[in-house]
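Colleague: Before the terms in this description are accepted, I should like to hear the grounds for each of them. Please set each value against its definition.

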Amino acid sequence: MSKILLATQQRTRPDGPVSNNDHNLIGSLYSSNVCDFSVAYRDEYTNKFKKKADGFVFDECIANGCDIVVLDYMHDGNNPSEETIERIRSNNIKTVCLWFDTKILDAREWTLFNKEYSNNFDLNIVFDSIVHENDKIMNMFVPQDSRIYHDAELPRGISLCFVGDTTRGKKRMKMLKHVINANIEKCHIQHTEQHEFNRLSPQDYAKIFQTSKIGLNVCGGQMKSRAYEIMHCGAALLSDSHEILDKLFVPMVDYIRYDNRQDMIEKIMYFLNNEDELLKITKCGHSKVLKTCNSTIFWQTIINKVNR
């Protein structure tokens, strides 16, 4: 059985709330049961010793006897150097880099990603934007902790929900304003942002989806993990199109796709008034996400890829 070292961040900022990696990565590893694993927090080391966690990552790889190290690219620059990655690989340890948010990479980081930094790894996983896949880079879904994100079989008293940062993204803000102006009965819009101290816990966040009929997602050109979370929790996904989403799910079969603001409102009203059709799409989406986007498939794919 493979042993993975997950070298990640514990918090979104010093003394801030716990990072989403706690459930996306650590929780999904627990759920997958495909390997042994240990966790090393790069930000915790840096905050304590006031230096980059470069040598720390290498030392943790050796101390934990891992054969695969998985890192998420951190935009604060606290990433292992090319020399450290090569030292790790020279010890017959496979290296994997996870790219959650390529849309906020600056020009220098894009250069690192496309031409330099990503080439140091055995495998790169990109979650939010489409890539030309090869042996070293591929798109994948964001894994979820099934202990949190699942259909809890609760009454679904919320007709439509949106949970996320309501102050970010021009397209998202316009869509939400359109929803509010439509006066949809039992509509729930909840602001929460991962860097805020008072953000919803993952359990409370998931519960809103677990008690909703339809969950709204706005990609706006960037694939969001919210889409997977909604379907895992047993609500119908209502989303604009994205290449990654449409590679995994069939529009109007597994999820409800809208093309513009008016189309979004019309589809909300139609499906809330035609619950048999809504339930059919809900069940298809929930079944598909459980079958093709579960944590076991995610981690086993990584293990198989780097050991091919």
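**Grounds for the terms used**

Modeller: Strand E7 (residues 158-164) and strand E8 (residues 187-191) run parallel and are joined by 5 bridges. The model is a predicted one.

Colleague: What makes E7 and E8 a pair?

Modeller: Pairing requires at least two bridges between two strands. E7 and E8 share 5 bridges, so they count as paired. In one of the matches, valine 163 has glutamine 190 in E8 as its bridge partner.

Colleague: Which unit do E7, helix H6 and E8 make?

Modeller: Together with helix H6 (residues 170-181), the two strands E7 and E8 make a right-handed β-α-β unit. The hand is called right because, with the strands pointing away from the viewer, the path over the helix runs clockwise.

Colleague: What is the strand order of the open sheet of 6 strands?

Modeller: The order is E2-E1-E3-E4-E5-E6, and the pairing is parallel. Strand E2 (36-41) and strand E6 (137-139) are the edges: each has a single partner strand, so one side of each has no neighbour in the sheet. On average, neighbouring strands of this sheet are turned by 20° against each other, direction ignored.

Colleague: How do you know that E1 pairs with E3?

Modeller: Strand E1 (residues 3-8) and strand E3 (residues 68-72) are linked by 4 bridges and run parallel. The requirement is at least two bridges, so E1 and E3 qualify as a pair. Leucine 5 stands opposite valine 69 in E3.

Colleague: Why is H3 called roughly parallel to H4?

Modeller: Helix H3 (residues 54-64) and helix H4 (residues 82-90) pack at about 10°, their axes 9 Å apart. Angles under 35 degrees count as roughly parallel, so H3 is described in that way relative to H4. Asp54, Val57, Phe58 and Cys61 of H3 meet Thr84, Arg87 and Ile88 of H4. By class, the residues of this contact are 4 nonpolar, 1 polar and 2 charged.

Colleague: Why is H1 called mostly covered?

Modeller: A residue is buried if its relative accessible area is under 20%. In H1, 10 of the 12 residues are buried, so the helix is described as mostly covered. Among them are Leu25, Ile26, Gly27 and Leu29. The buried residues of H1 pack against E1, E2, E3, E4, helix H7 (202-210) and H12.

Colleague: What is the direction of H1 relative to E1?

Modeller: Helix H1 (residues 21-32) lies across E1, E2, E3 and strand E4 (94-99), at about 170° to E1. Angles over 145 degrees count as roughly antiparallel, so H1 is roughly antiparallel to E1.

How values were computed: Residues are numbered from 1 along each chain as its sequence is written. This is a predicted model: local features need pLDDT of at least 70, side-chain atom pairs count only at pLDDT 80 or more; totals for chains, interfaces and linings use all residues. Side-chain values use heavy atoms; hydrogens and water are left out. Axes are lines fitted to C-alpha atoms, for helices over the stretch in contact, and angles run from 0 to 180 degrees between N-to-C directions. Contact means heavy atoms within 4.5 Å. Angles under 35 degrees count as roughly parallel, over 145 as roughly antiparallel, 65 to 115 as roughly perpendicular and the rest as oblique. Ala, Val, Leu, Ile, Met, Phe, Trp, Tyr, Cys and Pro count as nonpolar, Asp, Glu, Lys and Arg as charged, and the others, Gly among them, as polar. Buried means under 20% relative accessible area, exposed over 50%, partly exposed in between (1.4 Å probe, protein chains only).
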